[in-house]
Amino acid sequence: MNLKKGDAVVRISHNQDIIFIIHEIKGNIAILQGLYTRLIADSPLEDLVLVDSNSLSRINESKTEYEKKILSSYQKKIGHITGKILHLDSDAFFLSKCMNLYKALGIYAYGVELTESLMPVQILEYIQRIRPNIIVITGHDSYNNRGIDDLRNYKNTINFIRTILAIRSRYDVDDVCIFAGACGSNAESLIAAGANYASSFDRKNIEAYDPAIVAILVAITPFNQIVDIDDIYNFSKMQKGSIGGIESYGKMRLLVR
C-alpha cells in the first residue's frame with residue numbers, strides 16, 4: 001500500500017480506534033495528527049490502514065449532527081454582551097471549525113493559527129491587539145506513558161506552559177480566563193502555571209470542539225457567577241474528569257440603559 005501525506009489512516013496496533021491524517025513521512029515512520037481529536041502520534045507505515053471514503057463520509061455526517069447539537073444547546077443560554085475570545089490553535093482545520101462555531105453563536109472570537117513553539121513568543125502581542133478576556137491555547141499534544149510527572153514525556157505541554165506564564169506575567173486569573181491543552185496534556189502543570197481550565201487530567205483524548213466548548217461556556221456565563229463545570233460535559237463528548245480547573249467567573253454582562 002502506497003501511503004502519502006494527507007491520507008486518512010488508522011493504526012492496526014491500536015484497534016483502529018482513532019482516525020489520523022498523515023502529516024509527514026520520515027523514512028518508514030508516519031507523523032500523524034488526529035482528524036477529529038487533538039492528538040499527535042507517530043507510527044510505522046506497516047501499522048497503518050487507509051480509511052475508505054464511505055467510512056469518512058459517515059463519520060463526517062455524525063460530526064455535523066454533533067455540531068448542530070452544540071449550537072442548539074448554547075443558543076438557548078446566550079444572554080447579551082458575551083466574553084471576547086482569542087483562540088490560538090496549531091491546527092488550521094480545527095481552528096476553522098471552532099471559529100465557525102463561535103460565529104454561528106454570535107460570540108466575538110479572533111482566531112490565530114500558530115505552531116505551539118511560537119505561542120509563548122507571540123501571545124502578548126495578540127492580547128494587546130485583541131484585548132480578549134478569554135484565551136484558548138490549544139493544538140496537538142500527546143503523552144508517551146513514560147512517567148506522568150516528567151514534562152519531557154509530553155509533545156507540547158511545555159509550550160502551553162510557557163504561553164500561560166507569559167500571559168500571567170501581565171494579567172491575573174480574574175482578568176483573563178485561560179483554557180490550555182490538547183490530547184494527553186499534563187493538565188496539573190497547566191493549572192499550576194496559571195490556566196483556569198486545562199486538559200487532560202485523565203490523559204485521554206479531547207475532540208476538536210472541546211476547547212471551544214469551554215471558552216463558549218465562560219463567554220456566556222454572567223460575570224458574577226461561577227462557571228458550572230457540569231455544563232461543559234453536558235455539551236461535549238468529553239468523559240467527566242478529563243477537563244477541569246479552578247473556580248472561575250464567567251465573562252458575560254447584561255446591557256443596561
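The following conversation goes through the sheets, helix packing, backbone geometry and largest pocket of a predicted model.

Student: Which strands make up the open sheet with antiparallel pairing, and in what order?
Tutor: That sheet has 5 strands, in the order β4-β3-β2-β1-β5. Its edge strands are β4 and β5 (48-50), each of which pairs on one side only. Neighbouring strands are turned by 45 degrees against each other on average, direction ignored.

Student: How many bridges join β1 to β5?
Tutor: There are 3 bridges between strand β1 (residues 8-11) and β5, and the two run antiparallel. Within this pair, V9 has L50 in β5 as its bridge partner.

Student: And how many join β1 to β2?
Tutor: Here the number is 2, again with the strands antiparallel. The bridge partner of A8 in β2 is I21.

Student: What about β2 and β3, how many bridges there?
Tutor: β2 is joined to strand β3 (residues 29-34) by 6 bridges, and the strands run antiparallel. One facing pair is I22 with L32 in β3.

Student: How many residues lie between those two strands in the hairpin?
Tutor: The hairpin of β2 and β3 has 2 residues between its strands. In the turn, G27 has a positive phi of about 65 degrees.

Student: Changing topic: what is the strand order in the sheet with mixed pairing?
Tutor: This is an open sheet of 6 strands, ordered β7-β6-β8-β9-β10-β11. The edge strands are β7 (109-113) and β11 (243-245), and each pairs on one side only. From one strand to the next, the twist averages 15 degrees.

Student: How do β10 and β11 run, parallel or antiparallel?
Tutor: Strand β10 (residues 197-199) and β11 run antiparallel, with 3 bridges joining them. S199 has I243 as its bridge partner in β11.

Student: Which strands does α6 touch?
Tutor: Helix α6 (residues 210-220) packs on the sheet and touches β6, β8, β9 (177-180), β10 and β11. The direction of α6 makes about 170 degrees with that of β8.

Student: And which strands does α3 lie across?
Tutor: α3 lies across β6 (85-89), β7 and β8 (134-138). Relative to β6, α3 runs at about 155 degrees.

Student: At what angle do α3 and α4 cross?
Tutor: The axes of helix α3 (residues 119-130) and helix α4 (residues 157-168) cross at roughly 35 degrees and come within 8 Å. The crossing of α3 and α4 is right-handed.

Student: Which residues meet there?
Tutor: From α3, the residues are M119, P120, I123, L124 and I127. They meet N159, F160, R162, T163, A166 and I167 in α4. By class, this contact of α3 with α4 has 8 nonpolar, 2 polar and 1 charged residues.

Student: On to the backbone: which residues does the cis peptide bond join?
Tutor: The cis peptide bond joins S199 and S200, with omega at about 5 degrees. S200 is in the loop between β10 and α6. S199 is the residue whose bridge partner in β11 is I243.

Student: What phi does R131 have, and where is R131 found?
Tutor: R131 is not a glycine, yet R131 has a positive phi of about 60 degrees. R131 is found in the loop between α3 and β8.

Student: Last topic: what is the volume of the largest pocket?
Tutor: The volume of the largest pocket is about 660 Å³. The pocket is lined by 26 residues, and the closest to its centre are L39, I40, A41, S142 and Y143.

Student: Which elements give two or more residues to that lining?
Tutor: They are β2 (20-26) and β4 (40-44). The largest share of the lining, 5 residues, comes from β4. β4 is also one of the edge strands of the antiparallel sheet.

Student: How does the lining break down by class?
Tutor: The lining of the largest pocket has 8 nonpolar, 9 polar and 9 charged residues.

Key
Residues numbered from 1 in each chain as written. Predicted model: local features only at pLDDT ≥ 70, side-chain atom pairs only at ≥ 80, totals over all residues. Heavy atoms only, no water. Axes fitted to C-alpha atoms, helices over the stretch in contact; angles between N-to-C directions. Helix = DSSP H or I, 4+ residues; strand = E, 2+ residues; numbered from the N terminus. Left-handed = near helix turned anticlockwise from the far one by under 90°. Contact = heavy atoms within 4.5 Å. Nonpolar A, V, L, I, M, F, W, Y, C, P; charged D, E, K, R; others polar. 1 Å grid on protein atoms, 1.4 Å probe; cavity = no way out; pocket = protein on both sides within 12 Å on 5 of 7 lines; lining within 4 Å. Points joined across faces, edges and corners; volume = space filled by probe spheres on them. Pairing = 2+ DSSP bridges.
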